[in-house]
Structures are given as C-alpha cells and as structure tokens.
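Please look over the sequence and the structure shown here before reading the report. The text takes the chain as a whole and then turns to a few local details.

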Amino acid sequence: MSVISQPPASPGTADMNSIAETAEAALATITGAKAEIGRIIFGQENVVEQTLVTILSGGHGLLVGVPGLAKTKLVETLGTVLGLDARRIQFTPDLMPSDILGSEVMEQAADGSRAFRFIKGPVFSQLLMADEINRASPRTQSALLQAMQEYHVTVAGQSHDLPRPFHVLATQNPLEQEGTYPLPEAQLDRFLMQVDVHYPDLASERQILLATTGAEQTQAQPAMTSNELAGFQQLVRRMPVGESVVEAILTLVRSARPAEDGNSSDLQKLIAWGPGPRASQALMLTVRARALVDGRLAPSVDDVLALAEPILQHRMALTFAARADGHNVRSVISQLKAKLG
C-alpha cells in the first residue's frame, strides 16, 4: 500500500512561542558573532552576511573574487568566531583525492603483525576552505563532491562519517582561466550560494591599511560554540514561512527556467537551462536564516529578492544567442526580480 506524505502543518501557537523565545535568545549571540567578524573583515558587509546565512542554513558557499580581497581571512575568522575546527586546502592540478580524504597505511605492531590504519585527511574538519577549487582535476573535485553532499567519505570500501556541522567554503578566481578545470554543473549545484566578493570602497580600504600594517594585529575571538551553531541551524528550519514568500520563491525559480510548454516569455527565451528544485530549497532555508541574522522571526519577499542572485546565478546559463546579444545571467536575474517585485 502506498503512503502519500502530507506537507507539515503550520506551527501552532505554543510552537510559535517556543520559536520566538529561542530566536530571541539566539539573536544576541548571532549579532555578537557578526560584529566580531566585522572587527576583522572591513568593507565586505554583504559578503559577511551572505556567508553567515550560508552556514546558518547548513550549506556550502562558493566565494568568487580576484586575489587579495580577504577571502582566506574571512574563512579563518569564521572558524574562530563560530567555534569550528577549520582547515584549508590549497588546490593545485597535482592534488589527489587522498590528499583531501586521507589514506590507509600499513603498520607493523611490536609482535610483527601488520594491519591497515586510516589516516584522516583535512576534509575531516567542521569548516573546510577549498582555496582555488577550480585548479584541481575533475577526479579530485568529485571526491570533495561526495563529502559535500553525503557528509561521509569512502576509502578502500569503508565509509567514514565527517564531523558535524560540516561546511565547505570554496574560493574561485573569476579572471584567470589558464590551468583550471571549470566546476561541472552538478558540483556547482551543491553550493548553496555563490558569494561574489568585490573591491572595498575607499573608506574601507583606508581602514584596512591602518589596521593591517601596524605592529599589532587584531585577533578574532570566539562568539559561539559548534554545538550552539548546530542549534541555530535547527532553529532556522523551524522558522515559519508565509504563503506569499513561498509563492515568490516558486514564481522566481520557475521563471528562471526555459519554458517546457512552448509558451516562453521573452526572458525565458534567453535561458539555455535553469535551476532545479534544489534552488527552491536553498531559498526556503536562506530567507529564514537572513531574517534571523536581521533580528526577525519570519522572512519576507524582500529576503527572496535579496538572495535571488547568489542562489540562482550559478544554477543557470544563457543561450549562445543571448550571450552574443550582450545579455548575462545577472541582468536576466535582475529582470526576473523586477517582475516579482
């Protein structure tokens, strides 16, 4: 007999009160963490917010920006502030899967017996920075893909669970393409958000100069523990989402796909392929997390609009004709947002 699953019921009054109390208690800690990160990272408020939202949503992030914009420093600071065991891998073309996952070595005991022992690789951390991820070969990228999606790795036929929480923050240089292996669409889709890191403004760059070239360097301090972070991630999933926000998410994501019924809009004719349901799931989680970071108990349509680009831009591509006419993914998303707003 088949069983038809029903959608979860809306939270009751008692549950809503519990969520509100938990959220108010969490807000002070999250606000403190954001402020502590801001003491170290200047002029990247949107990047800090989107990265925090990614982690509070329980996902992985792709940081795209030219070298020297403090991407590595941001991940290092996040590890300290959020109480996570953070490690870094510099991706290179000769990097092998075992360099990430770990490997088995033969050991000989005092009695002469021999046995294999698994030595864990750097992926066994709570926050992994994959620096210049597109410089690794597809074979190595696929090894990381399993860890990102399934939260365990398989070595010599044995499965090894990763620590929880587990997050990957990967960096990518958008300009230099020589000697790189572009990430396949399947792996890009595993990243909850693509966070674009831009140049700081004049005031922020002046602050960077004064703060980082002196004799004393500011050190980040922990603002929460990994267990508290795991609790906040569960809180995000319990937060209510209004019907108008759900409809906005569905309308936005579905409008970013090529039409299948032959009735394409002018914008859909520009799209070669678009986001799947994973994009809708990502928006449902991240709008809640953004509301929590901003001190609200429920998300709004404004959160959907604010997160549309980082959620969708790496999950869609335009046709050759559209690109030849000067269109790009960001401009198409902007037009889709305008219709939604």
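The report below covers overall build, surface and charge, a helix residue and a hairpin, in that order.

## Overall build

This is a predicted model, and in it the protein has 13 helices and eleven strands. Along its principal axes, the C-alpha trace spans about 75 × 65 × 50 Å.

For a chain of 341 residues, a compact globule would have a radius of gyration near 20 Å, and the 22 Å found for the protein therefore agrees with that expectation. When contacts with a separation of 6 or more are considered, 76% of them join residues that are 24 or more positions apart.

## Burial, surface and charge

Of the 341 residues in the protein, buried ones make up 46%. The protein exposes about 17,200 Å², and carbon and sulfur atoms supply 52% of that area.

The charges comprise 28 positive and 36 negative ones, and the mean positions of these two sets are 2 Å apart.

## Glu-45 in helix α2

Helix α2 covers residues 45–56, and Glu-45 lies in it. With a relative accessible area of 56%, Glu-45 counts as exposed, because the class begins over 50%.

Glu-45 and Lys-34 are eleven residues apart along the chain, and their C-alpha atoms are separated by 9.3 Å. That separation refers to the C-alpha atoms, and the placement of the side chains is not described here.

## The hairpin of β6 and β7

Strand β6, formed by residues 152–155, pairs with strand β7, formed by residues 158–161, in the antiparallel sense and over four bridges. Within this pairing, Val-153 has His-160 in β7 as its bridge partner, while Thr-154 stands opposite Ser-159 in β7. In a regular strand the side chains alternate between the two faces of the sheet.

Which residue in the hairpin of β6 and β7 takes a positive phi? Two residues lie between the strands of this hairpin, and Ala-156 takes a positive phi near 55°.

Key: Residues numbered from 1 in each chain as written. Predicted model: local features only at pLDDT ≥ 70, side-chain atom pairs only at ≥ 80, totals over all residues. Heavy atoms only, no water. Rg over C-alpha atoms; globule rule 2.2 N^0.38 Å. Buried < 20%, exposed > 50% of the residue type's maximum accessible area, 1.4 Å probe, protein only. Contact = heavy atoms within 4.5 Å. Areas by Shrake-Rupley, 256 points an atom, 1.4 Å probe, with all protein chains shown as cover. Lys, Arg positive; Asp, Glu negative; His and termini not counted. Charge placed at Lys NZ, Arg CZ, Asp CG, Glu CD. Pairing = 2+ DSSP bridges.
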